[in-house]
Amino acid sequence: MTSQDTDTTGLDDVLQIDIVSDVVCPWCIVGFKQLEQAIARTGVSAAIKWHPFELNQDMAAEGENLREHIMRKYGSSAEQSQAARDRLTDLGASLGFEFNFTDDMRMVNTFKAHQLIRWAGESRKEHRLKMALFRAYFGDRKDLNDNQVLADVAESIGLDRAEALAVLEDGRFAETVRAEEAFWTSNGIHGVPAVIFERQHLVSGAQGVDNFAAIITELTKGKAA
């Protein structure tokens, strides 16, 4: 599998996959890990491009307790919330991803994180940063609305920490991210993950390895492996 880290311009045999997602969305990383395994199973060459989506654009700077947020937003009980966490933890483990939920974990705004991802794309490290942010939030329970935390994550994948801080402080990618978000919502994307194959086939949600593999196989008939 290739990614945003690799230039695939002009390669007709590469499956183009756009993913609209948020880094605090557990089903987004589950869906990606399923897709990743499906790509490996089918043996195709695929180029991943990430696009921004905010689950909670109006979230306050201090965030909100994750369990309370989910219960309020979706009307679930404490028992249902715990069952969902347990399911995600088991599912993540089966896919090689660690969810480390705790009662004090917080939901946060991700606008800054998406700006940093957009910046990382200029160095072809968008995909690596996206994965690192998923791990930082769900594995290490980091506050992805904190500039210092985000700069640390950027540095951990080889990006310049001082430049990352400058990007976050001056907001140079803010308008770009807002425009990208508006583009996807105006085109009917109101939930994530949303996976668009070859810029025309939309698949919503974490479909499972088998279903993703079947979709890829159908779409790549006639393409070179």
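Trainee: In the hairpin of β5 and β6, which residue takes a positive phi?

Mentor: In this predicted model, strand β5 (residues 194-197) and strand β6 (residues 201-204) pair in the antiparallel sense over 4 bridges. The hairpin has 3 residues between these strands. The residue there that takes a positive phi, near 55°, is E198.

Trainee: Which residue in β6 stands opposite F197?

Mentor: β5 covers residues 194-197 and β6 covers residues 201-204, and the two are joined by 4 antiparallel bridges. Opposite F197, the residue in β6 is H201.

Trainee: In which sense do β1 and β2 pair, parallel or antiparallel?

Mentor: Strand β1 spans residues 15-21, and 7 bridges link this strand to β2. One residue with a bridge partner in β2 is D18, and that partner is K49. Between the two strands the chain passes through helix α1 (residues 26-42). The sense of the pairing is parallel.

Trainee: What is the handedness of the β-α-β crossover from β1 to β2?

Mentor: The path leaves β1, runs through helix α1 and arrives at β2. This crossover is right-handed.

Trainee: Why is strand β2 described as largely enclosed by the rest of the structure?

Mentor: Strand β2 comprises residues 46-52. A residue counts as buried under 20% relative accessible area. The strand is largely enclosed because the number of its 7 residues that are buried is 6.

Trainee: Is N145 buried or exposed?

Mentor: N145 lies in the loop between α5 (126-139) and α6 (147-156). Its relative accessible area is 13%, and the cut-off for burial is under 20%. N145 is therefore buried.

Trainee: Which residue offers the backbone oxygen that the side chain of N145 reaches?

Mentor: Leaving aside neighbours within four places in sequence, N145 is in contact with V108, N109, K112 and A61. The side chain of N145 comes to 3.3 Å from a backbone oxygen, and that oxygen belongs to A61.

Trainee: What radius of gyration does the protein have, and how does this relate to a compact globule?

Mentor: The C-alpha atoms fill a box of roughly 50 × 40 × 35 Å along the principal axes. For 225 residues, a compact globule would have a radius of gyration near 17 Å. The protein agrees with that expectation, its own value being 17 Å.

Trainee: Of the 225 residues of the protein, what percentage count as buried?

Mentor: The secondary structure comprises 9 helices and 6 strands. The accessible surface comes to about 10600 Å², with 46% belonging to carbon and sulfur atoms. Of the 225 residues, the share that counts as buried is 50%.

Notes. Residues are numbered from 1 along each chain as its sequence is written. This is a predicted model: local features need pLDDT of at least 70, side-chain atom pairs count only at pLDDT 80 or more; totals for chains, interfaces and linings use all residues. Side-chain values use heavy atoms; hydrogens and water are left out. Buried means under 20% relative accessible area, exposed over 50%, partly exposed in between (1.4 Å probe, protein chains only). Two strands pair if DSSP finds at least two bridges between them. A crossover is right-handed if, with the strands pointing away from the viewer, the path from the first strand over the helix to the second runs clockwise. The radius of gyration is taken over C-alpha atoms; the globule rule is 2.2 Å times the number of residues to the power 0.38. Accessible areas come from the Shrake-Rupley method with a 1.4 Å probe; for residues, only the protein chains shown count as cover. A polar contact is a pair of N or O atoms within 3.5 Å; within protein, one must be able to donate a hydrogen and the other to accept it, and residues adjacent in sequence count only if both atoms are side-chain atoms. Contact means heavy atoms within 4.5 Å.
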